[in-house]
Amino acid sequence: MTRSRLALVLGSALGALGCGGFELPAPEDDAAGASAAERDLPSQAACPADDDEPLGNDYPQGLHVVANRIEDADGNTVFLRGVNRSGSEYRCIQSGGFFDGACDEASVRAMKTWHINAVRVPLNETCWLGLKGAPREFAADNYRRAIQSYVHLLHKYALIPILELHWTSAGDAPADGQAPMPNADHTPDLWRDVALSFADDTGVIFELFNEPFPNDNRDTPEAWQCWRDGCMARGWEANAEPYQAVGMQDLVTSVRETGATQLILLGGVVYSNALTSWGDYRPTDPLNNVAPAWHIYNFNGCSDVSCWNDAPLALAKEFPVVATEIGQDDCQGDFVQPLMSFVDEHAAGYLAWSWNVQGQCRAAGLGNQGNPWPLIDNFETGTPNSAYAKAFHDHVLELIPGP
């Protein structure tokens, strides 16, 4: 997410329960006033994975919902423990390449040293579809090829890719930030194309929209109605134009009409932190292969065990709840540790934000985003970058001592 911590506080004053995960900050304007897109950003080629290299059958396939758990095609229960790999949502639109940092085999082997089994890969709507405003060299076929190559590389190491739509924009505006809801102009087209691109890959999971925040970021019947069926939506910016938002039902239908059978994750309202009415407004899926996505940070409205024991726990008794973003912004580990224990006992997985190298951890404060999110200090060694990162790393290794 791109809004600052101060904006989160202001959003709460408008009735928000909390806010979801921050976007790793895009490079800011320099002292001379040049934007990131106008500066020379290091280019990143598509991941050097050989898509023609035959893959074995040792990565999970046929992922599907059975009651409140996820199973693979062989009937094995799959519990997702992984990381978010931020960068593919913003680098392309900034003319900076496809990924933020290394995406080669050495970097994926470093992921495996944490004994994770899933990697969440964010998408940019403008870049995937090659719409107006997308740099030609990093959009359309080039962007799609980069994502497909990375998915292939993750599969090679038995990792489950979660493709999620992170940055979108209605009309002709480029997708250079997070919108409150997907748009009717482009988002159904994107998901039809993604579904067709991965039609034969049932080891990929789709998360249809990163963090919905309709109805001024409130947990209300109106917000949930918009979440499922669409509405007129508007972003936070003072000059933001209203646009026709499309609901989760239309996106699920767009995927299924292609014949795609992949497991679909749907985050709730209030930046995917509120799950209060997810079961009541769950879209109809002919395959019954949809599950809740949940985002939980220490600054969210639903950030303590009393809240977790309410709507999230009730929902987790019926559906496999996957916390596709977890984290804390003070560089400590005292929040994520009990959260992971809660999910271990009651839900279906969690993924830490985020597997990036962007300097030393600096805690956020009021009006100050800090730099709390990068989990590692080196793509090849995967060394934890903070107490927060080490808490996640050690917890997963303790649960899964062998690769």
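**Close-up views: salt bridges and a buried tyrosine**

At 31% relative accessibility, arginine 69 counts as partly exposed, and this residue opens our tour of a predicted model.

**View 1. Arginine 69 pairs with glutamate 71 in a salt bridge.** Look for the closest N and O atoms of the two residues, which sit 2.9 Å apart. The two partners differ in how they meet the surroundings: arginine 69 is partly exposed, whereas glutamate 71 is buried, with a relative accessible area of 11%. Glutamate 71 counts as buried because its 11% falls under the 20% cut-off.

**View 2. Glutamate 325 and arginine 120 form a salt bridge between two strands.** Here, too, the closest N and O atoms are 2.9 Å apart. Glutamate 325 belongs to strand S11 (residues 322–327) and arginine 120 to strand S4 (residues 118–124), so the pair ties together parts that are 205 residues apart in sequence. Both glutamate 325 and arginine 120 are buried.

**View 3. Arg120 and Glu325 belong to a wider network of salt bridges.** Widen the view around the pair and you will meet Glu164 and Glu207, which are linked with Arg120 and Glu325 in this network. For context, the structure as a whole holds 14 salt bridges.

**View 4. Aspartate 189 and arginine 192 meet within helix H5.** Their side chains form a salt bridge, with an N to O distance of 2.6 Å. Because the two residues are three apart in helix H5 (residues 187–197), about one helical turn separates them. Each partner is partly exposed: aspartate 189 has a relative accessibility of 38%, and arginine 192 has 30%.

**View 5. Tyrosine 281 is a buried residue in helix H10.** Helix H10 spans residues 278–281, and the relative accessible area of tyrosine 281 is 16%. Tyrosine 281 is called buried because 16% is under the 20% limit. Which residues does tyrosine 281 contact, leaving aside its neighbours within four places in sequence? You will find Pro221, Trp224, Gln225, Trp227 and Arg228. One more residue to locate is glutamine 249: it lies 32 residues from tyrosine 281 in sequence, and the two are 9.4 Å apart in space, C-alpha to C-alpha.

Definitions and conventions:
Residues are numbered from 1 along each chain as its sequence is written. This is a predicted model: local features need pLDDT of at least 70, side-chain atom pairs count only at pLDDT 80 or more; totals for chains, interfaces and linings use all residues. Side-chain values use heavy atoms; hydrogens and water are left out. Helices (H or I, at least four residues) and strands (E, at least two) are DSSP runs, numbered from the N terminus. Buried means under 20% relative accessible area, exposed over 50%, partly exposed in between (1.4 Å probe, protein chains only). Contact means heavy atoms within 4.5 Å. A salt bridge is a side-chain nitrogen of Lys or Arg within 4 Å of a carboxyl oxygen of Asp or Glu.
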